[in-house]
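Q: I have a new model open and would like to learn how to read it. Can we start with the place where the chains meet?

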Amino acid sequence: MSDTLDCAASPAVEGAAPEVKITVRDLDFYYGDFHALTGISCDIKARSVTAFIGPSGCGKSTFLRCLNRMNDLIPGTRVDGTVLLDGQDIYGPGVDPVDLRRRVGMIFQQPNPFPMSIYDNVAYGPRLHGVKKKSELDDIVRDSLERANLWKEVKDILDRGGLTLSGGQQQRLCIARVLAVQPDVLLMDEPCSAIDPTSVQKIEDLMAELKSSVTIIIVTHNMQQAARTSDETAFFLQERSGEPAVLVEFGRTADIFTSPKDKRTEDYITGRFG
Amino acid sequence: MSETQTSSAPRELKLMSRSTYLKEAALKNLFMLCATMAVAGVVLIFLFVGWRGWPVFSEVGLKGFLGGSEWLPTQGLFGILPLLVGSLVVTLGALALGAPLAVGTAVFLSEIAPPRVRSVVRPAVELLAGVPSVVFGFFGLLVVRPIVADLTGGLGFGPLTAWLILAIMIVPTIATLTEDALGSVPDGIREASYAMGATTWQTIWRVLLPAAKIGIIDAVILGMGRAIGETMAVLMVVGNAPVFFRGIGKPVSTLTSQIVMDMPYASGVHRTALFGLAIILFLISMGLVGLVRGLSRLREGTR
C-alpha cells in the first residue's frame, strides 16, 4: 500500500499509475446531514476484480455509487474529495455524468431488464448513442449476449420480453445490456444475492472471463464469493451507528483473508460480528 | 382478560365469543351494503333511462333516430347524427389538446419536479378537478370566447372554445392516472437506464413512457369519458345549434348539451327522444369502461 502514498503526493492528473483504473482520495459522502463515508482512499487496478465487503449498512454500496455518480440522482447528497478515472477527476467542473456512466456501467442487486424484448434491451445503449443501422445493432446484440454467456439460450427468442426470462438469465441479460456500450469499468452491486445458486456460478465464471477486458468492482455480502472471485478486497466498516463508515483495509484478497493487518478485519472475516 | 398459565399444561384454544362473531358479521354486511348501493344506483338509472327512452326506437324508428341527420323537434325529426358528430368533434379535439398537456404534467410531476415544486403543482392540479364545471363554462364564456371570436370571426361559440375549456378540464383525470402509471414503473428500471448513460429525456421517452403505455392509454380513455359526458361547460360555449360540424368557430351541439337545452319544454316523443340520447351516452360510457377493463387485463397478461 506504499504506492498509494506516492500517488497522493503527486499532482492529481498525473497521479494514476498505468495499471490503476480508479484512484480515490479522501472521499467523504453525505446524505443531507448524514455523514455516510469518510476519508476513503484507494486505487482500483485495471482489468482485475475488486471486492467490497463489510456488514450491512457500512456504506459499500454508497461508495460504489460514487464511482459512476449514481448518487447524483438522489437529491441532497454531497461528495468531497477526488475520484480519478484514468487520471481524470469525475467530479471535476463540467464533467458530464451521463458520459461517465457510459464508461462505468452498473449491475444491480435486483435484475432490472426493461419491459421490452431481449433484443431491444441489449440494443438500448447503442441506440442511445446513435447506432441506427440494423446490421450493426444485430452484431452488437449478438456479441454482447455471447460475452454474457446468454446467446445460446436466447438466440431463437430475441423478440420475447426480457421479463419472461428466469432471474439468473435476467441478470445476465442486464450484463449483456451494459456490455453493449463497451464500458471500461463494471460496477456490480450484490449482483448474485437475488438469484439461484446455479446462476451465481455462471455469473462468477463470467466475471473471470470479463476481467481480461473490463475492470470489475463487486459489492458482496458473501465472503466466499469475495474470496473466490476477486483479486483485491476492500473492507468497509461503520464502527458506531450515526458515525460515517471508513475503509478499514484494502489489499490483495489472499492477504486480507489469510493475514489481515487490522484486528477489525480479522474479527469480521472470522465471523465475530456482522 | 386471560388467566395466567402454568407452564406445563398447554392452553386450550379459546372459542370465538358471540359478540365478536356478531360484530364481524355486521361489518361484513355493512360493507357489502355499500358496494351494493353503488351497483344498484347504476342499474336503477340504466333501467329508468332505458324504460323512458326505449320507445324512441318504435316512435321515431331506428333509422330516423340513429341515422337521421336533422334534429328538428318541432317538425318531429329526431336524427342524432349531428349531435353525435358534435360530441365526437368536441371530445376528440379536447383530447388532442388536453392529453399531451396532461401527460406532460404527469411526467413533470413524476420524474422532473423537485419535491418542493411537486408539493405545489400536484395540489394545484387536483384542485382543478374540484372547480365546478359551471365556473369553467363561465370562464370560457367571458375570457376564451372573445379571443376565439377574434380568431375565427363570429361570436366565438363553437368547438374551438369548447376544446380549450375541456382540454383543461380533463387534465386532472389524465394527469393523476398517468402519474400513477409512471409511479408503478419499478425504480430499478429508471436506475438501469440512467446507469447506461441515458439522459433524463431519453429515460422518459424510451423507457418510462413505453413501460407505462397501457396505464396512459387507460388514463386517456377515462379522460375521454369525462369529456364526452361534460355538459354544463360545453353547453355554455359550444353554441348549441343541432347542426353538422361546419368549422371550429361555428356553433354545434352535443348529446349532453342538447338534453339540457330541450329538457325544460320537451314533451311526448321529444321527451322520449331525449332519453334516447341518454341511452346512447350510457352505451358510449359502457364501451369506454369496457375498453379500460380489457386493457388492464392485457397489462396483467404481459407481466
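A: Sure, and keep in mind that this is a predicted model. Here 16 residues of chain B are in contact with 22 residues of chain A.

Q: Which helices of chain B each supply at least two residues of the side that touches chain A?

A: Those are α7 (187–195) and α8 (200–211) of chain B. The top contributor to that side is α7(B), with six residues. By residue class, the side of chain B that touches chain A has eleven nonpolar, four polar and one charged.

Q: Now the sheet. How do strands of a sheet pair?

A: They pair through backbone hydrogen bonds, in either a parallel or an antiparallel way. In chain A, look for an open sheet of four strands in the order β2-β1-β4-β5, with antiparallel pairing. At the edges you'll find β2 (34–45) and β5 (88–89) of chain A; each has a single partner strand, so one side of each is left without a neighbour in the sheet.

Q: How many bridges join β1 to β4 in chain A?

A: Eight, between β1 (residues 20–31) and β4 (residues 77–85), which run antiparallel. For a landmark, find Arg25(A), which stands opposite Thr82(A) in β4(A).

Q: And at what angle do the axes of α4 and α7 of chain A cross?

A: Roughly 35 degrees, for α4 (residues 118–128) and α7 (residues 167–179) of chain A, whose axes come within 7 Å. The crossing is right-handed. On the α4(A) side, the contact uses Ile118(A), Asn121(A), Val122(A), Tyr124(A) and Gly125(A), while α7(A) brings Leu173(A), Ala176(A) and Arg177(A). That contact comprises five nonpolar residues, two polar and one charged.

Terms used. Residues numbered from 1 in each chain as written. Chains lettered and ligands numbered in written order. Predicted model: local features only at pLDDT ≥ 70, side-chain atom pairs only at ≥ 80, totals over all residues. Axes fitted to C-alpha atoms, helices over the stretch in contact; angles between N-to-C directions. Left-handed = near helix turned anticlockwise from the far one by under 90°. Contact = placed C-beta atoms within 7 Å. Nonpolar A, V, L, I, M, F, W, Y, C, P; charged D, E, K, R; others polar. Pairing = 2+ DSSP bridges.
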